[in-house]
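Me: I'm new to this structure and would love a close look at a single part of it. Could you take me through the surface where the protein meets one of the DNA strands?

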There are 2 protein chains.
Amino acid sequence: MSNAPKKVSIKDVARAAGVSIASVSRVINATPGRVSAETRERIEKAITELDYRPNRIGQALRGQMNDTFALVISSIQNNFYSAVAWEIERRLNDAGSAMLIYNSNEDPALQDRCLGDLASRQVSGVFLLCAVDTPGLQAAAGQTPLLFINRRVPSLPGVPFVGIDDKSAAAELAGAVLRETGGRIGLIHGPSRSHTSRVRRDGFLETFDAAGRRLEGDSVVEAELSMESGYACAGQLLESGRYAALICGNDQIAYGAFRRCRELGLTVPSDLAIYGFDDNPLNQWLAPWLNTVSVPHLRFAEAAVAGMMKLVEGQRPGDTILPYDLVLRR
Amino acid sequence: MSNAPKKVSIKDVARAAGVSIASVSRVINATPGRVSAETRERIEKAITELDYRPNRIGQALRGQMNDTFALVISSIQNNFYSAVAWEIERRLNDAGSAMLIYNSNEDPALQDRCLGDLASRQVSGVFLLCAVDTPGLQAAAGQTPLLFINRRVPSLPGVPFVGIDDKSAAAELAGAVLRETGGRIGLIHGPSRSHTSRVRRDGFLETFDAAGRRLEGDSVVEAELSMESGYACAGQLLESGRYAALICGNDQIAYGAFRRCRELGLTVPSDLAIYGFDDNPLNQWLAPWLNTVSVPHLRFAEAAVAGMMKLVEGQRPGDTILPYDLVLRR
DNA sequence: GTTGACGAGGTAAACGTTTTCCGCATAGCC
DNA sequence: GGCTATGCGGAAAACGTTTACCTCGTCAAC
């Protein structure tokens, strides 16, 4: 404890090697052709002997850069988001960068607090895993490289986006529902505040309309993207009658619906089929009853990191629309 | 994009208010009795007008402190760990701090890479959510405030710990198993490399011994703390005979075992009961069949943050042993 | 022998803060 | 009026880097 061994700085290395700090810096940064082989060797020896590691704070202050990224996630409970977050972390770490993490909880004020905090930390870039449109977001857009994942904010078309074609995925899932059931269909979609949720909802509804099986108004309800809300909305729906299938705006909502069905004595999927969206990696272990759209979270992370790297180099990457898969479990 | 509006620094505020940067700093830090009310007011006006926020990098460089903490988590897949992590993040954010996150994946080399990276980032403290004993950990212990959560490292008794009494929890759970089943019992415990896993295993085995129902050697297998490993080990166990109950080292293992049972045509819990450990918050939604020990993840986070705050203030908080609950679902 | 180029390495400024030290008034005291 | 105490505020050093600029040899070319 206490008497911490003094941190070793570039000065100590310079002194140990008998050179100036400039030369040490040149060795660290592998500046080409500025230091002789013999001096370089001496410095490297001193570095390993002292176990010196350049202080990132000093580097950041001087170079305005940080090798630190931030990820703002809108729902800590959503395991699909977690999975994406972790994959991003892994890739950033492999690249020698670190990741700050913030939860915005879909709350505009909280999101802005996060973004403000970030600004004062000089991060190199920010991943937004489902952002909401706020003044703070608009302000941040001019200051820091931003990248949207899974949900875009229409008022910021210049910010690159990584996601899937939600509309067509929703339409395909709706097609599968139509094929597999002739009974009554319920829809619990996400909040219309979210662009992605709106697009999915429209994909579902338009497909049903086109097939001549328009959903009645009381078969469609709006939920938050949470298990609790799915539970509540499923209860509301199911007390007004029998359903053959429930389509949910994402897997979290589906989990809530599942619990409600169980409590009502309904067996899934024999009494009623449940459809979700995202394909949480946990599903194959715990939710074999869930039909869903598999969104490739690994490729999300990959594309997001690649896009961010371009961004920090000053390029302007385009949007990345990834393929998805229908997962129909019986 | 590009032409980013120049960041506003303390100098700009000083110029705008017609004072020196020292005075601005005094206002920011609320240094008592060093600046007159009228000057303070002028400075505060300039601050809000320019929307100035002190640069944390500069502050960190000067003050050797960062208001940034790190959390190293050993398994990204474990939702219980995620839940704890998120609760810590929330509390740190409320306190105006940020959280860097790292995944060690139970890999000693990866953990040491994380700790090395952390050292160069001058973090204020590190939460270790299930650490493994490595040279890098020993080195970090002298440099930075450390706090163990859920798993201690016996060779570092000086580092505070937040957790439960795993031995007695395991014994209680084993007692419940004995009470509820007269059939054959299998145990899939965690890796003996982990102190916590060893303690839990001993708690189980000693209770069975004491009750005169010693488990035969082939009813006990060692798994990693993952669903995949639980799946594999459950397969190994179940091919050697029928079991009335399977006790798993944690919930992740139990999920894997559940999937194996399902694939073997066994119904849980009527054909066979499954017992886990941790009580992942998801269980109440997706795993109503799972008996487990409920570890209070909110209080973990609370105690961990409180302990860390003491640590950064130079105090030496003691270990925190929290209460647990048996969750027996029928 | 003078010049120029080039290679190696040092000096010092700059990044944005905090904090120590100092100076300048004003006020209070004799 | 001279003295000190006090309150306010500025100057500058320091934190650990990077990098633009400079200096000093050495060597080749004329």
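Reply: Happy to! One term first: a polar contact is a pair of N or O atoms within 3.5 Å. Please keep in mind that this is a predicted model.

Let's start with who is there. DNA strand D is surrounded by 30 residues, and the closest are A:Ser25, A:Arg62, B:Ser20, B:Arg34 and B:Thr39. Looking from the DNA side, 54% of the atoms of strand D that come within 4 Å of the protein belong to sugar and phosphate.

Now for the polar contacts with the phosphates. In chain A, a backbone N or O atom of A:Ile10 lies 2.8 Å from a phosphate oxygen of DNA strand D. A:Ser25, already named among the closest residues, uses its side chain: a polar atom there lies 2.6 Å from a phosphate oxygen of the strand. Chain B takes part through B:Ser36, with a backbone N or O atom 2.7 Å from a phosphate oxygen of DNA strand D.

Which elements give two or more residues to the surface near DNA strand D? From chain A they are helix H1 (10-17), helix H2 (21-28) and helix H4 (56-63), and from chain B they are helix H2 (21-28) and helix H4 (56-63).

Finally, here is the make-up of that surface by class: 12 residues near DNA strand D are polar, 10 are nonpolar and 8 are charged.

Methods
Residues numbered from 1 in each chain as written. Chains lettered and ligands numbered in written order. Predicted model: local features only at pLDDT ≥ 70, side-chain atom pairs only at ≥ 80, totals over all residues. Heavy atoms only, no water. Near = heavy atom within 4 Å. Polar contact = N/O pair within 3.5 Å; in protein donor to acceptor, adjacent residues only side chain to side chain. Helix = DSSP H or I, 4+ residues; strand = E, 2+ residues; numbered from the N terminus. Nonpolar A, V, L, I, M, F, W, Y, C, P; charged D, E, K, R; others polar.
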